[in-house]
Amino acid sequence: MSTPPVTAADHAFEVWAPRPQRVRLWLDGAVHPMRRGTDDWWRITAPAAPGARYGFLLDDDETVLPDPRSPRQPDGVHGPSALIPQVDGPRWPGRELRGAVVYELHLGTFTPEGTFDAAIERLPYLRDVGIGFVQLMPVNAFNGEHGWGYDGVGWFAVHEPYGGPSGLERFVAAAHDLGLGVLLDVVHNHLGPSGNYLGRFGPYETDGANAWGSTINLSGEGSAEVRRFILDDIAWWLRRYGVDGLRLDAVHALVDHSDRHLLEDAAALTAELSVELGRPLALIAESDLNDPRLVTPVDLGGYGLAAQWNDDVHHAIHTIVSGERQGYYADFGGPECLATVLTEGFFHAGTYSAFRGRTHGERIDPERVAPSQLLAYTCTHDQVGNRARGDRPSEYLTTGQLAVKAALVLFGAFTPMLLMGEEWGARTPFRFFTSHPEPELARATAEGRKAEFAEHGWPPGDVPDPQDPDTLAVSRLDWSETTRPEHARLLETYRALIELRRDPALAHDDLRAVTCDHPGEATWFAVHRGDLTLLVNFSPSPVTAPFAGDPELYWEAPSVVDGATTVPGHSFTVLRRRA
């Protein structure tokens, strides 16, 4: 049976372009003049079918520029845009983010093929591990074949090498069929260095800069339409593709001097969409400000976001287990630091940071913010990939130490997040890689990376070239590791810890329900929640702690004698205390 032809129908083309004096629509080779409105939006209606190629010609320039809101870039970010079918995302009841286990993955290295369809085949595995949400690193359009995705320029388009719009549609539908939620990482704080034509259309950027490029115009002249651009992008992913939430990259780099911050508008929009679509939706902030206002309800003076990443938990756990103290780790370390983050959320909460040379952060009010609004983790793409060699903790820690780190995150009151492969102690690194086609940009990226780490004492020869294909190749997960005994044992421990989270003792969503004990030095450490106690041993030798109970779960079998428990080296035990 032949496929019925796709017929053209009238389509409304529009673009906000206050800067040019003339705008023409290029549609499948034909050129049509557009009419400018008083709002600086140029509009025209023309017959077009899904798949039609189009773009815009500005003033007398005959270069076809992609649509700033392009839904698809089939020939890359420099080529014309393409229409896609206007459909709504799949209907499903959704699930709550808070307390579920989030799994961060990079689509291009999660499987050897690096596509949505290949990743779909691994979704049953994630469900069986106990994952609740899959969080994709950015999949919007960026220049080149491979990269982390944080240099995107097509904010509404899906990266073609991953499978394009239809690939993401299939991935979301497959995840929902298995009961998995889908979160997308989106970047609204800067644009990538190649393929960014927005400045030709209007004042999307300012003269200011952050660590990655020009800042976005959120409060200057023309900012109302730029803010609308971002809010429409948020709605696009949530409605069109049916994703369950967005991780907002580096919100501290959103410079907004408006009376009402963009993040508050974004939270309000998401709440409205949640009612409209009939399912929970979440915005998750990445921020280094330790500012609880991000997740404080609006009626209590906050922005009303659902959750935020909490690097302090990562730093406190990593330093006490690994002993590393370089860079920003210098502020962390020791059992007191760990106890603070597990019971108060932030370590820096109006306290002095030696790394920053100033007071940093604000205290969390447990009456306003629940611990499940903070995402906690032992690894993220940043904490691994932004090391010079992209080495995972599995390269320099024992498997027992990895299990201890996992127990501290998964037993805690926060919403836990894993980095792909962490659950089996993957030995493959996760390195920073790029594939810039422009030689000068490729060279600048490689040299900049080496210079950055040279400041921290890394010889240039030890820093992988992001453009080298091997840098990408070695970063792909090796799934055969999951069948090897050492890895398989750690994987089963992760499964058991995730299953333990169903226990009523771990159901209290209140930091005040968590207490910690330790002897004053980094040997044993105890976390109490309800009638369960997590007892960990940071040292390589056995230690005895004054707690007893029935062992529910452990890495190495403990000995419980005369009201005390001896925990083997680099191990943990979960005890159920007797009444």
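## Two loop residues with positive phi

Asp-59 turns up in the loop that links strand 6 (53-58) to strand 7 (81-82). Keep in mind that this is a predicted model. Phi of Asp-59 comes out near 50°, so to speak on the positive side, in a residue other than glycine.

Asp-28 is another case to look at. Its phi is near 50°, again a positive value in a residue other than glycine. Asp-28 belongs to the loop between strand 2 (23-27) and strand 3 (30-33).

## The annotated domain and active site

Over to the UniProt record. An unreviewed entry there lists residues 104-449 as "domain: Glycosyl hydrolase family 13 catalytic". In the model, that span is 34% helix and 16% strand, and its end C-alpha atoms lie 24 Å apart.

The UniProt annotation "active site", also from an unreviewed entry, covers Asp-249 and Glu-286. Do these residues gather or lie scattered? They span 38 residues in sequence, but no two of their C-alpha atoms are more than 5.3 Å apart, so they gather at one spot. Both Asp-249 and Glu-286 are part of the lining of the largest pocket. As for local context, Asp-249 sits in the loop between strand 15 (245-248) and helix 7 (262-277).

## Helix 6 against helix 7

Helix 7, which follows that loop, packs with helix 6 (residues 223-240): their axes come within 10 Å and cross at roughly 30°. Angles under 35 degrees count as roughly parallel, and that makes helix 6 roughly parallel to helix 7. The crossing of the two is right-handed.

On the helix 6 side, the contact is made by Arg-227, Ile-230, Leu-231, Ile-234, Ala-235, Leu-238 and Arg-239. Helix 7 brings Leu-262, Asp-265, Ala-266, Leu-269, Thr-270, Leu-273, Glu-276 and Leu-277. Sorted by type, the residues of this contact between helix 6 and helix 7 come to 10 nonpolar, one polar and four charged.

## Helix 8 against helix 9

How do helix 8 and helix 9 run, roughly parallel or roughly antiparallel? The axes of helix 8 (residues 311-322) and helix 9 (residues 335-344) cross at roughly 150° and come within 9 Å. Anything over 145 degrees counts as roughly antiparallel, and helix 8 and helix 9 are therefore roughly antiparallel to each other. Their crossing is left-handed.

Who touches whom? From helix 8 you get Asp-312, Val-313, Ala-316, Ile-317 and Ile-320, and from helix 9 Pro-335, Cys-337, Leu-338 and Val-341. That contact of helix 8 with helix 9 has eight nonpolar residues, no polar ones and one charged.

## Helix 11 against helix 14

Last up, helix 11 (residues 399-411) packs with helix 14 (residues 485-500) at an angle of about 15°, and their axes are 10 Å apart. Helix 11 and helix 14 are therefore roughly parallel to each other, and they cross in a right-handed way.

Which residues of helix 11 meet helix 14? They are Thr-399, Leu-402, Ala-403, Ala-406, Ala-407, Leu-410 and Phe-411. Across from them, helix 14 offers Glu-486, Leu-490, Tyr-494, Leu-497, Ile-498 and Leu-500. The contact of helix 11 with helix 14 splits into 11 nonpolar residues, one polar and one charged.

Terms used. Residues are numbered from 1 along each chain as its sequence is written. This is a predicted model: local features need pLDDT of at least 70, side-chain atom pairs count only at pLDDT 80 or more; totals for chains, interfaces and linings use all residues. Side-chain values use heavy atoms; hydrogens and water are left out. Axes are lines fitted to C-alpha atoms, for helices over the stretch in contact, and angles run from 0 to 180 degrees between N-to-C directions. Helices (H or I, at least four residues) and strands (E, at least two) are DSSP runs, numbered from the N terminus. Angles under 35 degrees count as roughly parallel, over 145 as roughly antiparallel, 65 to 115 as roughly perpendicular and the rest as oblique. A crossing is left-handed if the near helix is turned anticlockwise from the far one by less than a right angle, and right-handed if clockwise. Contact means heavy atoms within 4.5 Å. Ala, Val, Leu, Ile, Met, Phe, Trp, Tyr, Cys and Pro count as nonpolar, Asp, Glu, Lys and Arg as charged, and the others, Gly among them, as polar. UniProt positions are given in the numbering used here, feature names are shortened, and annotations may be inferred rather than shown by experiment. On a 1 Å grid over the protein atoms alone, a cavity is a set of points where a 1.4 Å probe fits but cannot get out, and a pocket is an open set with protein on both sides within 12 Å along at least five of seven lines; lining residues have an atom within 4 Å of a point.
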